[in-house]
Amino acid sequence: MVYGLQLHGMSPHAYISPRLEGALEVLQPRVVELGFQGLSLVEADLGGGVLKAELTLSISNPTPFTLRVEGFRFSLFCASQGHGQQLGEATLKGVVEVPPQGSRTLTLTTSLTPEGVSHVASHHTSYRVEEGGVRMIIDFPARLGDACVKVSVEGIAVELRGELGTMPIRFEVTRP
Amino acid sequence: MNFPSLKVNPMGLVAAGLLVALAAERDPPWWRLSAGGLAALNLSPFKATLLVAGGDVMPPIVEWLTLGAWLSVLVGAALMAVGSLSGRPWSKSLVSFGLSKIAWELGALVALGALIFLAAGPSAAFLRQLGHGVEVLELRTPLLVGEGLLKLRVAQQVGEVTVTIPIIASLTDRFYLAVASLAACSAARAYQGRLAKPSRAP
């Protein structure tokens with residue numbers, strides 16, 4: 001015991017204190033960042049009540065642990081003044097593992113309910129006749145609410161619930 | 001020539017062998033307690049590590065305390081063997097020394113596991129007092145063996161974060177070897193008591 005104390009410079013404090021330096025460095029809070037990459041239309045049949053799109057987000061992992069994104073979903077609401085209807089929802093296509101200090105792309109399938117499509121068709125869709133055909137323009141601000149992100153790090157499950165903010169949604173489709 | 005009769009306590013020799021087998025490796029834990037993959041307590045009287053994010057944060061004094069415990073079991077094994085080869089009254093003390101070391105160390109490990117189990121309630125109260133919007137939704141800690149859970153909720157400005165940490169406790173093969181050693185030592189001590197009875201004067 002005395003020899004051990006001597007090895008630590010006869011400092012009782014150093015001898016009995018936990019060696020936290022390395023752990024504190026590793027466990028420093030770091031912000032996982034999500035970034036918008038793109039939104040592409042998959043299927044648009046307003047008459048048939050179908051509107052599907054794919055939303056891609058980038059996710060960066062600044063931690064020294066592998067981040068496993070197991071779930072990501074949110075509901076889309078119309079953010080136009082006086083509206084607020086729920087239009088549909090977006091869900092993550094599959095589990096994504098983000099390596100330490102790395103980044104990956106998250107792909108979410110976004111689909112509107114028939115009621116949502118009906119709302120978009122009647123309030124947020126315009127048509128313009130052009131040389132090649134008819135251009136359909138869908139344009140509305142969407143609120144991304146009731147979001148739920150499920151992530152696991154080293155066997156520890158983290159679930160985040162809340163609002164993701166608003167984003168403008170705009171598609172242009174030309175039909176002959 | 002008149003050779004003194006050799007009284008051997010075979011149970012004592014078995015106990016000494018078990019103690020040597022137990023102390024042959026210092027590193028393997030007897031008990032493991034993990035919180036997710038982020039923190040793990042590997043505990044034995046011979047070595048204790050508390051790994052947080054892969055690094056050992058255990059205070060240095062623990063290394064020296066456990067080194068002492070390890071050496072005392074090795075000495076106990078040697079004295080157990082020596083005591084088992086004699087029928088003299090003092091041999092009982094030698095056998096008792098080996099028994100007391102493993103009994104104390106095994107008892108301390110079980111007591112520490114029970115203490116961690118009992119401390120779970122006050123720990124939850126402490127976490128609640130931390131504030132910062134941290135709320136303990138659920139805290140279940142296993143008693144030596146089993147699975148538990150720590151579920152926390154942290155309120156955010158626009159939502160909440162729920163963190164679920166699985167807690168798993170398990171006893172390893174070394175623990176059961178220690179129990180077998182303790183049983184053998186106890187039996188050896190009882191037998192040594194008969195073997196080393198002072199002979200009555202005629």
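Chain B averages a pLDDT of 87, and 91% of its residues score at least 70. This is a predicted model, remember. Within chain B, helix α1, residues 10–23, has the highest mean pLDDT of the elements, at 94. Strand β5 of chain B, residues 134–140, has the lowest, at 84. Chain A averages 89, and 100% of its residues reach 70 or more. Its elements run from a mean of 74 in α3(A), the lowest, to 95 in strand β5 of chain A, residues 96–98, the highest. For the model as a whole, ipTM is 0.79 and pTM is 0.79.

Let's take chain B overall. It has 4 helices and 7 strands. Starting at the N terminus, the order is α-β-β-β-β-α-α-β-β-β-α. What does the radius of gyration tell us? Chain B comes out at 23 Å, where a compact globule of 202 residues would be near 17 Å. The C-alpha trace spans about 95 × 30 × 25 Å along its principal axes. Of the 202 residues, 31% are buried. Now contacts in chain B, counting those with a separation of 6 or more. Residues 24 or more positions apart account for 61% of them.

Next, the strands at the start of chain B. β1(B), residues 31–35, pairs with strand β2(B), residues 39–44. The two run antiparallel, joined by 5 bridges. One pair to look for is B:S34, whose bridge partner in β2(B) is B:A40. Together β1(B) and β2(B) make a hairpin with 3 residues between them. In the turn, B:G36 has a positive phi of about 60°.

β1(B) also pairs with β7(B), again in the antiparallel sense, over 5 bridges. Here B:A35 has B:I167 as its bridge partner. Keep β7(B) in mind for the interface.

On to the helices of chain B. α2(B) covers residues 60–84, which is 25 residues. From first C-alpha to last it reaches 37 Å, close to the 36 Å expected at 1.5 Å a residue. Its buried residues include B:T66, B:A69, B:V73, B:G76 and B:A77. Further along, B:L79, B:M80, B:A81, B:G83 and B:S84 are buried as well.

Helix α4(B) has 23 residues, 173–195. Does its length fall short of the rise per residue, or agree with it? It agrees: at 1.5 Å a residue the helix should span 33 Å, and its end C-alpha atoms are 32 Å apart. Among its buried residues are B:F175, B:L182, B:C185 and B:L195. B:R189 and B:Q192 are on the buried list too.

One residue in α3(B), residues 91–129, deserves a stop: B:F117. Why is B:F117 classed as partly exposed? Because it has 16 C-beta neighbours inside 10 Å; a residue needs 20 or more to be buried. B:F117 touches B:T141 and B:L143, leaving aside residues up to four places away in sequence. Its C-alpha lies 6.5 Å from that of B:P142, a residue 25 places away along the chain.

Now chain A, and its β2 strand, residues 50–60. This strand has two faces. The covered one carries A:L51, A:A53, A:L55, A:L57 and A:I59. The uncovered one carries A:V50, A:K52, A:E54, A:T56, A:S58 and A:S60.

β2(A) has partners too. With β1(A), residues 33–45, it pairs in the antiparallel sense over 11 bridges. A:L39 stands opposite A:L55 there. The hairpin of these two strands has 4 residues between them, and A:G49 takes a positive phi near 75°. β2(A) also runs antiparallel to β6(A), residues 103–112, with 9 bridges. In that pairing A:S58 is matched with A:T105.

Finally, the interface. How many residues does each chain bring to the contact? Chain A brings 23 residues, and chain B brings 23 residues. On the chain A side, α2 (12–16), α3 (21–26) and β9 (156–162) each supply at least two. β9(A) gives the most, with 7 residues. By type, that side of chain A divides into 12 nonpolar, 6 polar and 5 charged.

And here β7(B) returns. β9(A) and β7(B), residues 159–171, run antiparallel and are joined by 6 bridges. Find A:R161 on your screen: B:E160 in β7(B) stands opposite. One last reminder on confidence: α3(A), one of the elements on that side of chain A, has the lowest mean pLDDT among the elements of chain A, at 74.

Definitions and conventions:
Residues numbered from 1 in each chain as written. Chains lettered and ligands numbered in written order. Predicted model: local features only at pLDDT ≥ 70, side-chain atom pairs only at ≥ 80, totals over all residues. Rg over C-alpha atoms; globule rule 2.2 N^0.38 Å. Buried ≥ 20, exposed ≤ 12 C-beta atoms within 10 Å, placed from the backbone. Contact = placed C-beta atoms within 7 Å. Expected span 1.5 Å × (residues − 1). Nonpolar A, V, L, I, M, F, W, Y, C, P; charged D, E, K, R; others polar. Pairing = 2+ DSSP bridges. pLDDT = per-residue confidence, 0-100.
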